[in-house]
Amino acid sequence: MKCGKCVPSCTIYRIHKDETTSPRGFLDLIAQVKQESLEFSPDVKGIFDTCFLCTTCVQVCPLHLPIDVMIEKVRYLSTAKHPISWHKKLYFFLLRHPKLMDFVFSFCHVLAPCAFKQENDKLKWRFKWRAKNPNLSLLQKRAFFPFASKSFLNSHPPEITPQNPPDRPVRKVGIFIGCLGNYNYPNVGKSLLSLLDKLGIGVILPQQVCCGAPAYFSGDAKSALFLAQKNTASLANIAPQVEAILVPEATCISMLKKDYPHVFKNIPDLKDRQEWLDKFSTIQDKLQLASAFLAQYTALIDLLKQRPKSPLSLTYHDPCHAKKVLGVYAEPRMLLQTNHQIIEMQESDRCCGFGGVSMQSEHYSLTLQAGLPKARDIVSTHAQIVSAECSACRVQLNNALEQIDAPTQFLHPLELLDRVLA
């Protein structure tokens, strides 16, 4: 931790240049907390909570120190002294009860027009007010995600067969859609189903709950374990029937593929630990980011080459969990550039600044400071569309672009690809 190579690229350090909240500073604080030479006070907890968990430091570190995993552990330990806030407890309760979540989000869809107007894929305040409080002033221009009238999973049967199956046996894949794709951006899932149908690939939609990333990254290990067990058991049931389990969300697949082992290994007093690890091993290799599977294991590119070029110009943002954690960045570009002009932005893999539920709810000003440079980089390309295989990035970039009144529209890669083949 002495070289400091990680410091200049750290998302939070780039905001305020305070090395206390840099990877090197985090490691030093973790060591002091572990040695009990530093009291684990609310202020210290607040410092750990400002990490965006973008994993940039892990990638640039010559030894690839797992700083993100260390911070996840210390956040879990912090809950013993500093309980999770009530609003996060309520949210995580909803995540554990999907039927109640279905009702709440449908209810939000009904009520949202009272306070918000929808423009494309974001909600904006319908009314303006004079705010003397700086926090209220920031809130006034904040753009939010929309609510679907009916979730993606509730809108489709559990198994879908291609309308025009090929002569050979139908291939099958599973889909894990993710919360934002399920409740807020259902067109992502619909586009994936449409593409798979055109490729003659059948789909199984297994029972699924939230991947658990919001709870796990906030230190709620109990909720994360509950959700991990639910999903692992369900996905293991369909694993023998499918060649892959596709996830169109970078954060979700990173949690499923990379963090579930941490959940099962590190949570103390877990009964049948090895049994859960063995069950997870049956699905780990089948979990794939949707674009990676479509580019490598299907004839989608051949279909795209038969269609004309799109007049839309686009720039591509690399989600942290896609490029830095999974190493997926060439595949979505390979698919998109078949029919689109891609204009690369500066630092396409710079963290957008979403940071998770804690950052969005408790440190919104920091997420905004992280997002604005990214928004300016997007606008500097003069591209009409910005795309990323992550709905969390979509929420953050839509809001950041709104702050600078940029006309750039966000579309998921699957939405763009489906439009080409429509």
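**Two hidden spaces**

Let's start with the second largest cavity: the residues lining this cavity split into five nonpolar, four polar and two charged. Keep in mind that you're looking at a predicted model. The second largest cavity holds about 40 Å³ of space. Which residues line this cavity? You'll find Asp-49, Cys-51, Arg-75, Pro-214, Phe-217, Ser-218, Gly-355, Gly-356, Val-357, Ser-358 and Met-359 there. Two elements, α11 (213-217) and α19 (357-362), each give two or more residues to that lining. Of these, α19 supplies the largest share, three residues.

How do you spot a gap like this in the first place? Rolling a probe the size of a water molecule over the atoms shows where empty space is left. Searching the whole structure turns up two cavities of 30 Å³ or more.

Now head over to the largest cavity, with a volume of about 110 Å³. Its lining is made up of 15 residues. Which of them lie nearest the centre? Look for Cys-10, Cys-51, Leu-53, Cys-54 and Cys-57. You've met Cys-51 already, as one of the residues lining the second largest cavity.

As for the elements around the largest cavity, α2 (23-34), α4 (56-60) and α5 (67-78) are the ones that give two or more residues to the lining. The top contributor is α5, with three residues. And what sort of residues are these? The lining of the largest cavity divides into eleven nonpolar, three polar and one charged.

Note on methods
Residues numbered from 1 in each chain as written. Predicted model: local features only at pLDDT ≥ 70, side-chain atom pairs only at ≥ 80, totals over all residues. Heavy atoms only, no water. 1 Å grid on protein atoms, 1.4 Å probe; cavity = no way out; pocket = protein on both sides within 12 Å on 5 of 7 lines; lining within 4 Å. Points joined across faces, edges and corners; volume = space filled by probe spheres on them. Helix = DSSP H or I, 4+ residues; strand = E, 2+ residues; numbered from the N terminus. Nonpolar A, V, L, I, M, F, W, Y, C, P; charged D, E, K, R; others polar.
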